[in-house]
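Reader: I am new to this structure. Please show me how to read it, one feature at a time.

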Amino acid sequence: MNLSRGTRALLQWLLLGGLVGVVCGVASAVFLYLLEEATHFREGHPWLVYALPVAGLVLGAVYGRWGGPIRGGNNLVLDTVHASDAQVPVRMAPMVLVGTVLTHLFGGSAGREGTAVQMGGSLADLVARRLRVGPDTRRELLAAGIAGGFGSVFGTPVAGAVFGLEVVVVGRMGYEALLPALVASVVGDLVTRGLGIHHTPYPAPGALPLTWGVLAKWLVFAVAVAVVAVVFVELMHRLKKLLEHRVRWLPVRMALGGAAVVVLWAAAWRTWWRGASGWGRTRGASCWRRASRVGSVRCSARRWRGRYSGWRSSWWGAWATRRCCPRWWRPWWGTW
C-alpha cells in the first residue's frame, strides 16, 4: 500500500512522539515519586535541613567529578537544539534527577521545571541518536522531549506542548514541532498518571467576566511580571558570575549556598520555601502552633498536619487564632 508523503510524516511523528512521551512519562513518574518520598521524610525529620551544606558539598564534588559535560543544564539542551553537532549526554537525566531529589531531601529549593526540561531533552536526544534520525527530525524530537518532560511532571499536557514550542525558539513559536510536542506531552502525562502518580491539585477559579477593567489589570500584571522576571534573571546571572569568580571550587560554592539557606531559615523561623512541601501548609502550621500555645491547647502531630477543624471551631481556639494569626492569613484557613 502506497502512502502519501503527508500520511507517512503523520505516522512517523505519532510513533516518535509517542515513544518520547513514554520515556519521559516513566522518568517523570520515578522523579515525582522520589520527590514525594523525600519531602515526607524531611517533614518527619526537620533536622535534615542543618545538613544542607554537607549535602551541597557532596553534590558539588560529584558534579565536579562527573558532571562536567552537563554543567550547562538547560542552556546545554537549548544549544543542542540549534547545533546539530552538539549532544545532550545521557548522564544528564539520572544526575539531575538524583540531585534534585537530594536537594529537596535536605530542605533546599530546586524547581521541577528545570529537571523536567533536562530529563526530557536528554532522553529525547538518546532516542534520536539510537534511531539515527536527521538533524531536522532530531531538533523536533528535542522539542518533543522538552514538552513531554514538562507536561508529564506538572500534569499539564497542553501547557507542556506550548512550552516545548516556545523554548526551542525563544520569543516566538516553532510550529514545525507542534505534532510531536503535543503527542509526547499528552502521552507522557497519560503514562505518568497510569503509573499511579497524582499531581498537586491547584484551585480552579470560576469564570471571570471579560471587561475593560479586567483587561487593564491583566496588562499591568503582565508588565510587572515581565519586569520582575528580567530583574530576577539578571541578578541570578550576575550572582553566579560573582561567585564563580570569588569561589572557584564548585563544592565550596554549593556548601556556602546551603549554609546561607540554613542561616536564613533559622533566623526567620519559617519553612515556607523549603523543598516542595508547600508554602501554605507550613505557614499555616506555624500560625496554628503559636495560636495553640496562647490558647493552652496541645499541638499534636495530627494537628501539625493541618487537621485543626475541631480545635479552631472552639471559642478558645478562635480567640487564640485571632491573637496570633495575622489578619491577611485568616481567609486561607480552608486551603491547607
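Author: We will go through the salt bridges, one buried serine, the nonpolar cores and a surface patch. This is a predicted model, where local features need pLDDT of at least 70, side-chain atom pairs count only at pLDDT 80 or more, and totals for chains, interfaces and linings use all residues. Residues are numbered from 1 along each chain as its sequence is written, and side-chain values use heavy atoms, with hydrogens and water left out.

Reader: How many salt bridges are there by the rule?

Author: The rule asks for a side-chain nitrogen of Lys or Arg within 4 Å of a carboxyl oxygen of Asp or Glu. The count here is three. Take Asp125 and Arg129: their side chains meet at 2.7 Å, N to O. Both residues sit in helix 5 (residues 112-131), four residues apart, about one turn of the helix. Helices here are DSSP runs (H or I, at least four residues), numbered from the N terminus.

Reader: Is Asp125 buried or exposed?

Author: Compare its relative accessible area with the cut-offs: buried is under 20%, exposed is over 50%, and partly exposed lies in between (1.4 Å probe, protein chains only). Asp125 counts as buried because its relative accessibility is 0%. Arg129, at 28%, counts as partly exposed.

Reader: Which residue forms a salt bridge with Asp125 from helix 6?

Author: Arg138 does, with the closest N and O atoms 2.8 Å apart. This pair links distant parts of the chain: Arg138 is in helix 6 (residues 135-154), Asp125 is in helix 5, and they are 13 residues apart. Arg138 is buried, at 10% relative accessible area.

Reader: Where is the salt bridge of Arg193?

Author: Arg193 pairs with Asp189, the closest N and O atoms being 3.0 Å apart. The two are four residues apart in helix 8, so about one helical turn separates them. Arg193 is partly exposed at 42%, while Asp189 is buried at 6%. As for shared partners, salt bridges join Asp125, Arg129 and Arg138 into one network.

Reader: What does Ser185 touch?

Author: Contact means heavy atoms within 4.5 Å. Leaving out residues up to four places away in sequence, Ser185 touches Ala147, Gly148, Gly151, Thr156, Pro157, Val158, Gly160 and Ala161. Ser185 lies in helix 8 (residues 178-194). With 0% relative accessibility, Ser185 counts as buried.

Reader: How do I read a nonpolar core?

Author: In soluble globular proteins, nonpolar side chains tend to be buried together. A core is a set of buried Ala, Val, Leu, Ile, Met, Phe, Trp, Tyr and Cys residues joined through side-chain atoms within 4.5 Å. The largest one here has 21 residues, and Phe31, Phe106 and Met119 have the most contacts inside it. Helix 1 (5-44), helix 2 (52-66), helix 4 (92-105) and helix 5 each give two or more residues to this core. Helix 1 gives the most, with six residues.

Reader: Which residues is Met119 in contact with?

Author: Beyond its neighbours within four places in sequence, Met119 contacts Ala27, Ser28, Phe31, Ala93, Val96 and Leu97. There is also a second, separate core of twelve residues, including Val81, Leu142, Ala144 and Ala184.

Reader: What makes the nonpolar surface patch?

Author: A nonpolar patch joins Val, Leu, Ile, Met, Phe, Trp and Tyr side chains within 5 Å, from residues with over 30% relative accessible area and no salt bridge. Val22, Val26, Val30, Tyr33, Leu34 and Leu195 make one of about 500 Å². Areas come from the Shrake-Rupley method with a 1.4 Å probe. Leu195 lies in the loop between helix 8 and helix 9 (212-246).

Terms used
Patch = residues over 30% accessible without salt bridge, like charges linked within 9 Å, V, L, I, M, F, W, Y side chains within 5 Å.
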